[in-house]
Amino acid sequence: MAHGTFGTAINCMDGRAQLPVITWLKEQYGLDYVDMITEAGAAKALLEGTPEQAASVLARVRVSVEKHGSRIVAIVGHDDCAGNPVSEEEHRRHIAASVAVARAWGLPVEVIGLWLGNDWQIECIDA
Ligand SMILES: [Zn+2]
(Lines give C-alpha, C1' and ligand atoms only; values in the text may rest on other atoms or scores of the structure.)
Protein backbone atom coordinates (compact mmCIF):
# COMPACT_ATOMS: atom_id res chain seq x y z
CA MET A 1 0.00 0.00 0.00
CA ALA A 2 1.25 3.47 -0.86
CA HIS A 3 2.26 5.84 1.94
CA GLY A 4 -0.04 8.74 2.75
CA THR A 5 -3.80 9.08 2.50
CA PHE A 6 -5.36 9.26 -0.93
CA GLY A 7 -8.67 10.40 -2.32
CA THR A 8 -9.99 10.12 -5.84
CA ALA A 9 -11.53 12.64 -8.21
CA ILE A 10 -13.32 11.85 -11.45
CA ASN A 11 -12.88 15.23 -12.99
CA CYS A 12 -12.96 17.06 -16.29
CA MET A 13 -9.68 17.29 -18.18
CA ASP A 14 -10.05 21.10 -18.06
CA GLY A 15 -6.89 22.56 -16.53
CA ARG A 16 -8.90 25.11 -14.56
CA ALA A 17 -10.66 22.34 -12.63
CA GLN A 18 -7.62 20.56 -11.22
CA LEU A 19 -6.10 22.62 -8.40
CA PRO A 20 -9.40 23.78 -6.82
CA VAL A 21 -10.56 20.16 -6.56
CA ILE A 22 -7.27 18.87 -5.19
CA THR A 23 -7.06 21.67 -2.63
CA TRP A 24 -10.68 21.27 -1.51
CA LEU A 25 -10.53 17.49 -1.14
CA LYS A 26 -7.24 17.64 0.76
CA GLU A 27 -8.70 20.17 3.18
CA GLN A 28 -12.10 18.55 3.63
CA TYR A 29 -10.89 14.98 4.03
CA GLY A 30 -7.39 15.48 5.44
CA LEU A 31 -5.81 13.83 2.42
CA ASP A 32 -2.19 13.89 1.35
CA TYR A 33 -2.89 13.19 -2.33
CA VAL A 34 -5.75 13.18 -4.80
CA ASP A 35 -5.65 10.71 -7.68
CA MET A 36 -7.12 12.46 -10.70
CA ILE A 37 -9.12 10.54 -13.29
CA THR A 38 -9.99 12.87 -16.12
CA GLU A 39 -12.36 12.81 -19.05
CA ALA A 40 -13.79 15.70 -21.04
CA GLY A 41 -17.08 16.28 -19.20
CA ALA A 42 -16.55 13.50 -16.64
CA ALA A 43 -20.15 13.06 -15.47
CA LYS A 44 -21.47 12.95 -19.02
CA ALA A 45 -18.76 10.45 -19.95
CA LEU A 46 -19.98 8.14 -17.17
CA LEU A 47 -23.62 8.52 -18.16
CA GLU A 48 -23.46 8.64 -21.94
CA GLY A 49 -19.98 7.40 -22.82
CA THR A 50 -19.18 4.08 -24.41
CA PRO A 51 -19.02 0.96 -22.21
CA GLU A 52 -15.26 0.98 -22.82
CA GLN A 53 -15.01 4.54 -21.54
CA ALA A 54 -16.94 3.69 -18.37
CA ALA A 55 -14.83 0.57 -17.86
CA SER A 56 -11.67 2.63 -18.24
CA VAL A 57 -12.81 5.09 -15.57
CA LEU A 58 -13.78 2.25 -13.23
CA ALA A 59 -10.43 0.50 -13.76
CA ARG A 60 -8.61 3.67 -12.74
CA VAL A 61 -10.87 4.18 -9.72
CA ARG A 62 -10.08 0.62 -8.66
CA VAL A 63 -6.34 1.32 -8.72
CA SER A 64 -6.90 4.36 -6.53
CA VAL A 65 -9.10 2.43 -4.09
CA GLU A 66 -7.29 -0.90 -4.04
CA LYS A 67 -3.66 0.22 -4.41
CA HIS A 68 -3.80 3.63 -2.73
CA GLY A 69 -6.51 2.91 -0.18
CA SER A 70 -8.76 5.81 -1.23
CA ARG A 71 -12.08 5.95 0.63
CA ILE A 72 -13.54 9.02 -1.04
CA VAL A 73 -14.49 9.44 -4.70
CA ALA A 74 -15.65 12.85 -5.92
CA ILE A 75 -17.33 13.34 -9.28
CA VAL A 76 -16.80 16.87 -10.47
CA GLY A 77 -18.57 19.10 -12.96
CA HIS A 78 -17.73 22.72 -13.67
CA ASP A 79 -19.02 25.89 -15.21
CA ASP A 80 -18.12 26.69 -18.86
CA CYS A 81 -17.33 23.03 -19.65
CA ALA A 82 -16.39 22.43 -23.29
CA GLY A 83 -16.89 18.69 -22.81
CA ASN A 84 -20.43 19.03 -21.52
CA PRO A 85 -21.83 22.35 -22.76
CA VAL A 86 -25.25 22.18 -21.11
CA SER A 87 -27.05 24.47 -18.68
CA GLU A 88 -25.84 24.50 -15.09
CA GLU A 89 -29.12 22.89 -14.03
CA GLU A 90 -28.69 19.98 -16.43
CA HIS A 91 -25.02 19.63 -15.59
CA ARG A 92 -25.90 19.34 -11.90
CA ARG A 93 -28.40 16.61 -12.77
CA HIS A 94 -25.66 14.79 -14.70
CA ILE A 95 -23.39 14.94 -11.66
CA ALA A 96 -26.09 13.61 -9.32
CA ALA A 97 -26.91 10.78 -11.73
CA SER A 98 -23.26 9.86 -12.18
CA VAL A 99 -22.83 9.72 -8.40
CA ALA A 100 -25.58 7.08 -8.37
CA VAL A 101 -23.73 5.17 -11.10
CA ALA A 102 -20.49 5.24 -9.12
CA ARG A 103 -22.23 4.19 -5.88
CA ALA A 104 -23.60 1.18 -7.77
CA TRP A 105 -20.01 0.03 -8.40
CA GLY A 106 -20.16 -1.21 -4.81
CA LEU A 107 -16.67 -0.06 -3.85
CA PRO A 108 -15.88 0.61 -0.15
CA VAL A 109 -15.88 4.37 -0.66
CA GLU A 110 -17.97 7.44 -0.06
CA VAL A 111 -19.06 8.96 -3.39
CA ILE A 112 -19.85 12.66 -3.56
CA GLY A 113 -20.75 15.11 -6.33
CA LEU A 114 -19.08 18.50 -6.61
CA TRP A 115 -19.96 21.58 -8.64
CA LEU A 116 -17.27 24.11 -9.56
CA GLY A 117 -18.94 27.42 -10.21
CA ASN A 118 -17.71 30.28 -12.37
CA ASP A 119 -15.80 31.63 -9.37
CA TRP A 120 -14.08 28.22 -9.03
CA GLN A 121 -15.58 27.74 -5.60
CA ILE A 122 -16.72 24.22 -4.80
CA GLU A 123 -20.21 23.23 -3.78
CA CYS A 124 -21.40 19.75 -2.80
CA ILE A 125 -24.31 18.41 -4.80
CA ASP A 126 -27.02 16.38 -3.10
CA ALA A 127 -27.25 13.04 -4.80
ZN1 LIG B 1 -15.02 20.50 -18.59
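Is Asp-80 buried or exposed, and how many C-beta neighbours does Asp-80 have inside 10 Å? Hold that thought. I'll come back to Asp-80 after the fold.

One caveat up front. This is a predicted model.

Let's start with the overall layout. The protein has 4 helices and 5 strands. Along the sequence, the pattern reads β-α-β-α-α-β-α-β-β. The radius of gyration is 13 Å, and the globule rule gives 14 Å for 127 residues, so the protein is as compact as a globular protein of that length. Along the principal axes, the C-alpha atoms fill a box of roughly 40 × 30 × 25 Å. As for burial, 37% of the 127 residues count as buried. Now contacts. Take those with a separation of 6 or more: 71% of them come from residues 24 or more positions apart.

Next, the sheet. It is an open sheet of 5 strands, in the order 2-1-3-4-5, and the pairing is mixed. Strand 2 and strand 5, residues 122-125, are the edges, each pairing on one side only. Ignoring direction, neighbouring strands are turned by 30° against each other on average.

Zoom in on strands 1 and 2. They run parallel, joined by 7 bridges. How does the chain get from one to the other? It passes through helix 1, and this β-α-β crossover is right-handed. Two pairs to find on screen. Phe-6 has Tyr-33 of strand 2 as its bridge partner. Asn-11 stands opposite Thr-38, also in strand 2. Helix 1 itself lies across strand 1, strand 2, strand 3, strand 4 and strand 5. Its angle to strand 1 is about 150°.

On to the core. A general point first: in soluble globular proteins, nonpolar side chains tend to be buried together. Here, the largest nonpolar core has 30 residues. Which residues have the most contacts inside it? They are Ala-9, Ile-10, Val-21, Ala-42, Ala-74, Ile-75 and Val-76. At least two core residues come from each of these elements: strand 1 (6-12), helix 1 (18-29), strand 2 (33-39), helix 2 (42-48), helix 3 (51-66), strand 3 (72-78), helix 4 (88-103) and strand 4 (110-116). Strand 3 gives the largest share, with 5 residues.

Take Ala-42 as one example. Set aside its neighbours within four places in sequence. Ala-42 is then in contact with Ile-10, Asn-11, Cys-12, Ile-75 and Val-76.

A second residue worth a stop is Leu-116. Leu-116 is found in strand 4. It has 23 other C-beta atoms within 10 Å, and the cut-off for buried is 20 or more. So Leu-116 is buried. What does Leu-116 touch, not counting residues up to four places away in sequence? The list is Ala-17, Pro-20, Val-76, His-78, Asp-79 and Ile-122. Then there is Val-21. Leu-116 and Val-21 are 95 residues apart along the chain, yet their C-alpha atoms are separated by 8.3 Å.

Now the loops, and back to the opening. Asp-80 sits in the loop between strand 3 and helix 4. The answer is exposed: Asp-80 has 12 C-beta neighbours inside 10 Å. Why does that count land on the exposed side? Because exposed means 12 or fewer, and Asp-80 has 12.

Check the backbone there too. Most residues other than glycine have a negative phi. Asp-80 has a positive one, near 60°.

Trp-120 also has a positive phi, near 65°. Its place is in the loop between strand 4 and strand 5. Trp-120 has 14 other C-beta atoms within 10 Å, so it is partly exposed.

One last loop residue: Lys-67, between helix 3 and strand 3. Lys-67 has 12 other C-beta atoms within 10 Å, so it is exposed. How far apart are Lys-67 and Gln-53 in space, C-alpha to C-alpha? They are 21 Å apart, with their positions 14 residues apart in sequence numbering.

To wrap up, three things to take away. An open sheet of 5 strands, in the order 2-1-3-4-5. A largest nonpolar core of 30 residues, with strand 3 supplying the largest share. And two loop residues with positive phi: Asp-80 and Trp-120.

Notes: Residues numbered from 1 in each chain as written. Predicted model: local features only at pLDDT ≥ 70, side-chain atom pairs only at ≥ 80, totals over all residues. Core = buried A, V, L, I, M, F, W, Y, C linked by C-beta atoms within 7 Å. Contact = placed C-beta atoms within 7 Å. Pairing = 2+ DSSP bridges. Right-handed = clockwise from strand over helix to strand, strands pointing away. Axes fitted to C-alpha atoms, helices over the stretch in contact; angles between N-to-C directions. Rg over C-alpha atoms; globule rule 2.2 N^0.38 Å.
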